[in-house]
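This report looks at one buried acidic residue, then at a pocket, and finally at a set of charged pairs. Please read it alongside the sequence and the model.

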Amino acid sequence: MSLRLSTVILPYRRWHEGSRAAWVRADELGFHTGYTYDHLSWRSFRDGPWFGAIPTLTAAAAVTDRMRLGTLVTSPNFRHPVTLAKELISLDDISGGRVTLGIGAGGTGFDATALGQEPWTPRERAARFAEFVPLLDRLLTEDAVSYEGDFYAAHEARNIPGCVQRPRLPFAVAATGPRGLRLAARYGQAWVTTGDPKLYENGTPEQSVQAIRGQAEKLADACAELGRDVTELDKVLLTGFTPDRSRPLESLDAFVDFAGRHAALGFTEIVIHWPIPDSDFATDQKVFERIAMEAPAQLR
């Protein structure tokens, strides 16, 4: 299988002041999927403009024709499965069945406290995620769902006519821990990683590759426990959070080398950030577009 190249476009600009143009251009460049972050705010962008993921993707669906659209990633931090399912079914319909849901357990950032709650512990985040994903799976595949759990409930929740994609839109599950990997193995059509965050500051690219290889092996073990072939899952690497940082986007050759090393680990999709001036993602636009247009052919 050829390695697919996707991009993530952060929702930090007004639609008619650069955001729309980026989505249109991403479609023209041939990216497999255009993702966006599903946060209420994020890191250094907190005190500036930041727009909602689902409305942004809905607008993107109206101005693109070919590429898929998705979140990287949606989490339970401020989402409820019942309302999220309704929005996703609507987005899948509007896009003509082009939606992928990237989904993860969430973290301790601004999303974790924006609704007034105390940040959940890692154990509680994992427990909520373990309930969130199966319930969302049911909501997207069944006409009516009732459920009473420890964290979430649904009472005769209706989701007719369901997704355009059958039996539902695909889940790309972000996970590195045992519970999350089991969820990816059971419910995922893809697995997402950003690498090992402990290596970001002081690790080496070689150490990162070894750590990611270990994560992939644990995913394979989780699949084996369920009797599932791990090759059924796409493996997605969201770049920018390994010790390589932005260096793979400095040239076409640098990116092909980086992507090739990860393709050798079984990855089927590499996601790169759309350039943002004066940020950690301040890639040269011309180099970025050359990578988009030429790298996929070199990675077949």
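In this predicted model, E131 is found in helix 4, which covers residues 122–141. Although E131 is buried, it has no salt bridge, and R128, the nearest side chain of opposite charge, is 7.4 Å away. Because a salt bridge requires a side-chain nitrogen of Lys or Arg within 4 Å of a carboxyl oxygen of Asp or Glu, the distance of 7.4 Å to R128 does not qualify. A polar atom of the E131 side chain does, however, lie 3.1 Å from the backbone nitrogen of D150. When neighbours within four places in sequence are left aside, the residues in contact with E131 are Y147, G149, D150, F151 and Y152, so that D150 appears both in this list and in the backbone pairing just described.

Helix 4 also has a part in the largest pocket, where it supplies 4 residues, the largest share of the lining. This pocket holds about 1500 Å³ of space, and of the 41 residues that line it, A105, G106, G107, T194 and P197 are the closest to its centre. At least two lining residues each come from strand 3 (68–74), helix 4, helix 5 (178–187), strand 8 (190–193) and helix 6 (205–226).

How many salt bridges are counted in the model? The count comes to 14, and three of them are set out below with the N to O distance of each pair.

| Salt bridge | N to O distance |
|---|---|
| R25 and E28 | 3.2 Å |
| E87 and R79 | 3.4 Å |
| E294 and R290 | 3.2 Å |

Where do R25 and E28 sit relative to each other in helix 1? They are 3 residues apart in helix 1 (residues 19–29), which means that about one helical turn separates them. R25 counts as partly exposed, at 27% relative accessibility, whereas E28 is exposed, with a relative accessible area of 54%. R25 and E28 are also linked with E289 in a network of salt bridges.

E294 and R290 lie 4 residues apart in helix 8 (residues 285–298), and therefore they too are separated by about one helical turn. Here E294 is partly exposed, with a relative accessible area of 33%, and R290 likewise counts as partly exposed, at 44% relative accessibility.

In the pair formed by E87 and R79, E87 is partly exposed, with a relative accessible area of 33%, while R79 counts as buried, at 16% relative accessibility.

How values were computed:
Residues numbered from 1 in each chain as written. Predicted model: local features only at pLDDT ≥ 70, side-chain atom pairs only at ≥ 80, totals over all residues. Heavy atoms only, no water. Buried < 20%, exposed > 50% of the residue type's maximum accessible area, 1.4 Å probe, protein only. Lys, Arg positive; Asp, Glu negative; His and termini not counted. Polar contact = N/O pair within 3.5 Å; in protein donor to acceptor, adjacent residues only side chain to side chain. Contact = heavy atoms within 4.5 Å. 1 Å grid on protein atoms, 1.4 Å probe; cavity = no way out; pocket = protein on both sides within 12 Å on 5 of 7 lines; lining within 4 Å. Points joined across faces, edges and corners; volume = space filled by probe spheres on them.
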